[in-house]
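I opened this notebook to keep track of what I looked up, entry by entry. The sequence and the structure go in first, and my notes follow.

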Amino acid sequence: MGQLSGPTDPTADAHWEHNHPRKGFFTDTSICIGCKACEVACKEWNHNPQDGNLELLGSSYDNTGSLGASTWRHVAFIEQGQDRIVEARESGRALVSLGMPRIGPPAPAASVPADLAEADTTPPDTADFRWLMSSDVCKHCTHAGCLDVCPTGALFRTEFGTVVVQDDVCNGCGTCVAGCPFGVIERRSNGTVKVSTSREDQHAAHPEVPNAGIAQKCTLCYDRLVADETPACAKACPTTSIKFGDHDDMVEAARERVADLHAKGLTEARLYGANENDGVGGTGSVFLLLDEPEVYGLPPDPRVPTADLPKMYRRAGMAVAGMAAAAALAFLGGRA
Amino acid sequence: MTLSEFDSFRPSEPARRRREGGKRGTGRRRDNGDGSREMPMVPEPEFSSYYGRPVVKPAPWGDDVAIYLFLGGVAAGSALLAAGGQLTGRPVLRRNARLGALTAVSAGAVALVKDLGRPERFLHMLRTFKVTSPMSVGSWILSAFSAGAGVAAVAEIDRMSGNRLPLGPLRNVLQAVEGPAGIEAAVFAGPLAAYTAVLLGDTATPTWNAAHEELPFVFVSSACLASAGLAMVTTPVRETGPARNLAVLGVLGDVVAMKVMERRMDPVAAEPLHQGKAGAMLKWSERLAVAGGLGTLLGGRHRIVAAVSGLALLSASALTRFGVFEAGLESARDPRYTIEPQKNRLAARRAAGVTGDAITTGS
């Protein structure tokens with residue numbers, strides 16, 4: 001057992017003896033065009049079954065809904081007016097002026113103006129309206145809540161530092177679903193519960209669902225990684241919004257990109273998951289967002305629940321002692 | 001969004017429907033009163049979220065798991081009462097508590113297996129021992145407890161049937177290990193009653209996670225009063241003196257731990273404990289616990305009053321488990337309970353000058 005929170009190398013913690021670099025994504029939402037090629041490529045490669053009945057959800061162009069057992073990439077669409085852009089720009093500027101301590105190697109001679117208050121923040125080619133599009137995915141956390149609480153050992157840490165479910169081991173207990181602070185992993189239902197109306201009959205003929213009843217999530221295309229291939233979503237992305245590579249390189253690329261955007265006055269840009277001191281020890285999938293994380297459906301301050309597990313065990317120990325004492329007292333009192 | 005410069009002359013739109021209570025104004029207000037915005041597709045929440053969709057996923061657990069929470073507690077407390085009866089010479093209490101423990105733990109285990117996505121793989125739970133997984137630790141506790149409780153209860157059944165179980169030479173072994181088995185079950189009773197609280201606390205489900213410090217105390221108290229209630233129902237009053245004491249202690253612990261828990265939790269994350277179905281169940285749970293406790297204290301020596309009080313206590317414990325369980329699931333279904341406490345604690349840390357541990361960074 002490695003440490004339960006804080007910065008660490010998850011692969012070494014899992015006792016991998018060889019030295020693969022940790023792999024990860026950098027999803028730059030500022031250049032996402034919402035084409036959903038990543039969703040399609042993921043479904044195709046991983047043989048993921050249909051999710052739902054292809055109904056329209058009434059949430060902009062997002063009819064996928066959310067990440068789940070059969071949806072391992074999810075493109076979020078948010079439509080915002082000018083006032084929200086201004087707010088996002090302000091909240092991003094506030095983040096910069098917080099003077100976050102830099103993690104990792106020192107900054108390249110970045111072009112971030114020391115004081116963004118003086119920067120020209122006129123949006124370059126905006127816009128009293130904007131689309132936010134972001135391809136969400138499993139975060140492959142340094143401290144993965146799902147992995148920590150899995151009782152069977154079905155979830156494991158790969159040599160690439162990612163988190164993968166072993167389909168033949170998982171017994172579908174569902175603890176990981178509650179353990180994930182990002183709501184990513186889910187237990188796959190067998191699909192037969194989905195009742196179709198006659199109008200949607202053409203979509204109702206679900207092929208047989210593989211791996212029903214067990215937890216499923218993004219594997220960062222483990223089968224492709226072992227063959228030295230790029231994950232399907234990153235390979236399919238036409239704008240390089242989804243980048244794949246060594247985790248350290250991804251974080252570095254993310255930092256350079258956010259500095260670039262800030263220099264252009266786009267102070268709404270911020271990184272999500274690039275800080276190894278955060279509640280999950282940093283994520284394997286780093287994101288560049290253009291608004292607060294909750295706007296994209298991401299938790300603003302996730303914390304791996306297992307970080308508090310030693311304290312919980314201590315409290316439970318005290319409760320057990322209390323119960324034993326109460327029982328002893330009950331019998332001694334009863335005798336008197 | 002302003003589409004044209006004349007839009008500002010439109011009459012203003014009526015104020016939006018507010019969330020119930022509407023007391024938390026941490027969300028952004030987009031309404032600038034000039035009606036110059038697009039009509040929203042979804043009602044505007046008080047906080048930002050992605051179309052009101054949940055951030056975390058609720059555990060895919062049905063009522064089976066809540067039933068197990070209750071039955072596991074009953075089994076644990078019963079094993080303690082049985083061991084006490086065994087050590088202090090109360091044969092009827094010992095017998096009934098042992099039988100109660102085995103029945104409860106067996107039914108609970110069946111409920112657990114039934115709730116798995118792949119029930120046929122239930123033995124995978126014992127494939128490894130993982131201290132970071134309360135479910136794994138709990139599976140081993142449950143197994144160890146069941147072994148002791150099973151042996152002790154089978155010995156009772158054999159005795160009740162006049163040594164008619166087809167045990168052969170094993171009867172002597174059974175009679176020899178019966179006592180130690182009862183004690184072994186009692187040793188694992190406390191952990192069995194408390195681990196489920198850790199199991200719920202060690203999740204990203206907002207209400208459960210926020211309750212992680214006090215929930216073990218609530219659960220062991222609930223186990224005490226439920227098992228004492230069962231003993232008061234099944235056993236004549238002359239042997240249930242200790243059960244009555246345990247019931248009163250359990251009620252005290254339950255009520256106090258629950259109050260402390262609610263006070264120390266994040267106020268937003270505690271809301272589901274007071275609202276809807278979960279709120280109603282927890283309110284009735286408290287009433288029944290107090291009523292059962294008073295009945296035990298005042299009329300516990302009367303057989304009928306004792307049995308009625310025992311039933312009240314059992315119901316109180318079941319309602320506590322179902323209430324806490326349901327409140328947690330509810331808190332996962334509404335993004336507000338994930339986002340607001342997290343935003344508040346992040347803001348509090350920043351106000352205190354801690355700026356290095358946020359997941360969102362400017363560089």
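In which helix of chain B does B:Arg287 have its place? I was working with a predicted model, and there I found B:Arg287 in helix α9 of chain B, which covers residues 276-299. I then asked how this residue is classed by exposure, and it counts as partly exposed because it has 13 C-beta neighbours inside 10 Å, whereas a buried residue would need 20 or more and an exposed one 12 or fewer. I also looked up its separation from B:Leu313, and the two are 26 residues apart in sequence and 9.8 Å apart in space, C-alpha to C-alpha.

Next I turned to B:Ser106, which lies in helix α2 (residues 91-115) of chain B. With 16 other C-beta atoms within 10 Å, B:Ser106 is partly exposed as well. I noted B:Leu71 alongside it, since B:Ser106 and B:Leu71 are separated by 35 residues in sequence and by 8.9 Å in space, again taken from C-alpha to C-alpha.

For helix α10 of chain B, residues 303-333, I compared the span with the expected value: its 31 residues reach 45 Å from the first C-alpha to the last, close to the 45 Å expected at 1.5 Å a residue. I also checked how covered the helix is, and 23 of the 31 residues in α10(B) are buried, so that it is mostly covered.

Which residues touch the most other members of the largest nonpolar core? I found that they are B:Ala79 and B:Ala101, in a core of 188 residues. Helix α1 of chain B, residues 63-88, gives the most to this core, namely 15 residues. Chain A takes part too, as the core draws at least three residues from each of its domain 1 (10-303) and domain 2 (305-336). I then listed what B:Ala101 touches, leaving aside residues up to four places away in sequence, and the partners are B:Ala75, B:Ser78, B:Ala79, B:Ala82, B:Ala149, B:Ala153 and B:Ala185.

My following entry concerns the two chains together. I noted that 79 residues of chain B are in contact with 86 residues of chain A. Several elements of chain B each supply at least two residues of the side that touches chain A, among them α3 (134-160), α6 (215-234) and α11 (335-351), while the largest share of that side, eight residues, comes from α4(B). Sorted by class, this side of chain B has 35 nonpolar, 29 polar and 15 charged residues.

For chain A, I recorded ten helices and ten strands, and buried residues make up 51% of its 336 residues. Of the contacts in chain A with a separation of 6 or more, 73% are between residues 24 or more positions apart.

Last, I followed a sheet that takes strands from both chains: five strands form an open sheet of mixed pairing, in the order β8(A)-β1(A)-β10(A)-β9(A)-β1(B). Its edge strands, each pairing on one side only, are β8 (242-246) of chain A and β1 of chain B. At one edge, β1 (residues 23-28) of chain A and β8(A) pair in the antiparallel sense over five bridges, and A:Phe25 has A:Phe244 in β8(A) as its bridge partner. At the other, β9 (residues 270-272) of chain A pairs with β1(B), also in the antiparallel sense, over two bridges, and there I found A:Tyr272 opposite B:Thr360.

How values were computed
Residues are numbered from 1 along each chain as its sequence is written. Chains are lettered from A and ligands numbered from 1 in the order in which they are written. This is a predicted model: local features need pLDDT of at least 70, side-chain atom pairs count only at pLDDT 80 or more; totals for chains, interfaces and linings use all residues. Helices (H or I, at least four residues) and strands (E, at least two) are DSSP runs, numbered from the N terminus. The expected span of a helix is 1.5 Å times one less than its number of residues. A nonpolar core is a set of buried Ala, Val, Leu, Ile, Met, Phe, Trp, Tyr and Cys residues joined through C-beta atoms within 7 Å. Domain bounds come from an automatic or database domain assignment. Two residues are in contact if their C-beta atoms, placed from the backbone, lie within 7 Å. Ala, Val, Leu, Ile, Met, Phe, Trp, Tyr, Cys and Pro count as nonpolar, Asp, Glu, Lys and Arg as charged, and the others, Gly among them, as polar. Two strands pair if DSSP finds at least two bridges between them.
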